[in-house]
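Here are my notes for a colleague who is opening this structure for the first time. They are numbered so that each can be checked against the sequence and the model in turn.

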Amino acid sequence: MTQRPLKLGVQLLGRSSVPELVEEARSAAAAGFEVILVPDHLGLAGPLVALVAIAQAVPNVQVSNLVLNSSFYRPALLARDLASVDSATGGRLIISLGTGYVEAEFDAAGIPFPSPGARVKIVAEMISELRRLLSDPGHIPPPVQTPPPIMVAAQGDKMLTLAAQQADIVAIASMGSEADLAGRVAFVKEKAAGRFDDIELQFAFIQVSMDDPSDLTLLRMLAPPDAPEEELRKLTTVLDGSVSAAVERIQRLHAELGISYFTFSKTPGTSWATFEKLVAALR
């Protein structure tokens, strides 16, 4: 496998207004990040409107989501909106798709909460239709990229298989050890077969607490409520400690597992100044 150069992105969290996201995006760009991502959850700013505003304010970054809830959208309508975003950003969009997992958000939106298997099928249909529609030179509105790259976030076998076979970027959502993450990469390689070298691998550090190691706020929202703190700190998705230790871990995952695209959650436990040091050390 040819080793790709590192690509670094940051996910902006906890911001309910577009102006707040734009200000955070300026700080992210100043810190050296190449990709700025926003989530797709009710109670936060609209995930596609925010990308356009960010791209206008920060003209040298790609924009993306981590990730769009495929069950919230119909393919033709989402293709229209994604094409508009790609056009408005000058071809800087990375499409990012997932199954959606917060049942309360489906209830609030008045949308039935599909079974896990049904949600995987929805993502599969979405990938196929978006690629078909946005590859069509006659699509209106026309995107700049035909089509934009598609990232799929996956953890279980069914979604990882789908991502390995159809996505341009496979976001491995591992909530385990480095050995678990290595196993998931091996699974993707097996399922991707001959197209593995064409896939970019992504991994997200969900909890970044380099300035304040006691901050496990975001991880506590995702982990079982009775999970011991010492066990949470062993998860690969937790990035704490010094900048040099973080650099060593990222470079090891890059060299040994072939993961080239890393994203970091902007949590209270890490300042933009520390992120700037991290990005500079990885260049």
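1. Tyr-101 is exposed, because its relative accessible area is 52% and the cut-off for that class is over 50%. Please bear in mind that this is a predicted model, here and in every point that follows. Tyr-101 sits in the loop that runs between strand S5 (93-98) and helix H4 (103-109), and together with Met-221 and Leu-222 it makes a nonpolar surface patch of about 360 Å².

2. Helix H6 (157-166) is best looked at next to helix H7 (residues 178-192), since two separate descriptions concern this pair. The axes of H6 and H7 come within 8 Å and cross at roughly 50°, and the two helices are therefore oblique to each other. Their crossing is right-handed.

3. A salt bridge also connects these two helices, formed by Arg-184 and Asp-157, whose closest N and O atoms are 2.9 Å apart. Arg-184 lies in helix H7 and Asp-157 in helix H6, so the pair ties together parts of the chain that are 27 residues apart in sequence. Asp-157 counts as partly exposed, with a relative accessibility of 41%.

4. Helix H7 packs with a further helix, H10 (residues 243-257), at an angle of about 30° and with the two axes 11 Å apart. That angle makes H7 roughly parallel to H10, because angles under 35 degrees fall in that class. The crossing of H7 and H10 is right-handed, as is the crossing of H6 and H7.

5. What joins Arg-252 and Glu-248? Their side chains meet in a salt bridge, with a distance of 2.6 Å from N to O. Being four residues apart in helix H10, Arg-252 and Glu-248 are separated by about one helical turn. Arg-252 counts as partly exposed at 22% relative accessibility, and Glu-248 counts as partly exposed at 43%. The pair does not stand alone, for salt bridges that share partners join Glu-178, Glu-248 and Arg-252 into one network.

6. In total the structure holds 13 salt bridges, and one of them is formed by Arg-131 with Asp-168, the closest N and O atoms being 3.4 Å apart. This pair links distant parts of the chain, with Arg-131 in helix H5 (residues 116-135) and Asp-168 in the loop between helix H6 and strand S7 (169-172), 37 residues apart. Arg-131 counts as partly exposed at 24% relative accessibility, and Asp-168 counts as partly exposed at 25%. As general background, side chains of opposite charge can pair when their charged atoms come close.

7. The backbone deserves a careful look at a few places, given that most residues other than glycine have a negative phi, and most peptide bonds are trans. Where does the model have a cis peptide bond with omega near -10°? The bond in question runs from Leu-66 to Val-67, and Val-67 lies in the loop between strand S3 (62-65) and strand S4 (68-69). A cis peptide bond also joins Thr-146 and Pro-147, where omega is about 0°, and Pro-147 has its place in the loop between H5 and strand S6 (150-154).

8. Ala-193 is a residue other than glycine with a positive phi, the value being near 55°. Its place is in the loop between H7 and strand S8 (200-205). Is Ala-193 buried or exposed? Ala-193 is exposed, with a relative accessible area of 53%, and the cut-off that decides this is over 50%.

9. At the start of the chain, Arg-4 is found in the segment before strand S1 (7-12). Arg-4 is partly exposed, with a relative accessible area of 28%, a value that lies between the limits of under 20% for buried and over 50% for exposed. The C-alpha atoms of Arg-4 and Gly-43 are separated by 36 Å, and the two residues are 39 residues apart along the chain.

Terms used
Residues numbered from 1 in each chain as written. Predicted model: local features only at pLDDT ≥ 70, side-chain atom pairs only at ≥ 80, totals over all residues. Heavy atoms only, no water. Patch = residues over 30% accessible without salt bridge, like charges linked within 9 Å, V, L, I, M, F, W, Y side chains within 5 Å. Areas by Shrake-Rupley, 256 points an atom, 1.4 Å probe, with all protein chains shown as cover. Salt bridge = Lys/Arg side-chain N within 4 Å of Asp/Glu carboxyl O. Buried < 20%, exposed > 50% of the residue type's maximum accessible area, 1.4 Å probe, protein only. Axes fitted to C-alpha atoms, helices over the stretch in contact; angles between N-to-C directions. Parallel < 35°, antiparallel > 145°, perpendicular 65-115°, else oblique. Left-handed = near helix turned anticlockwise from the far one by under 90°.
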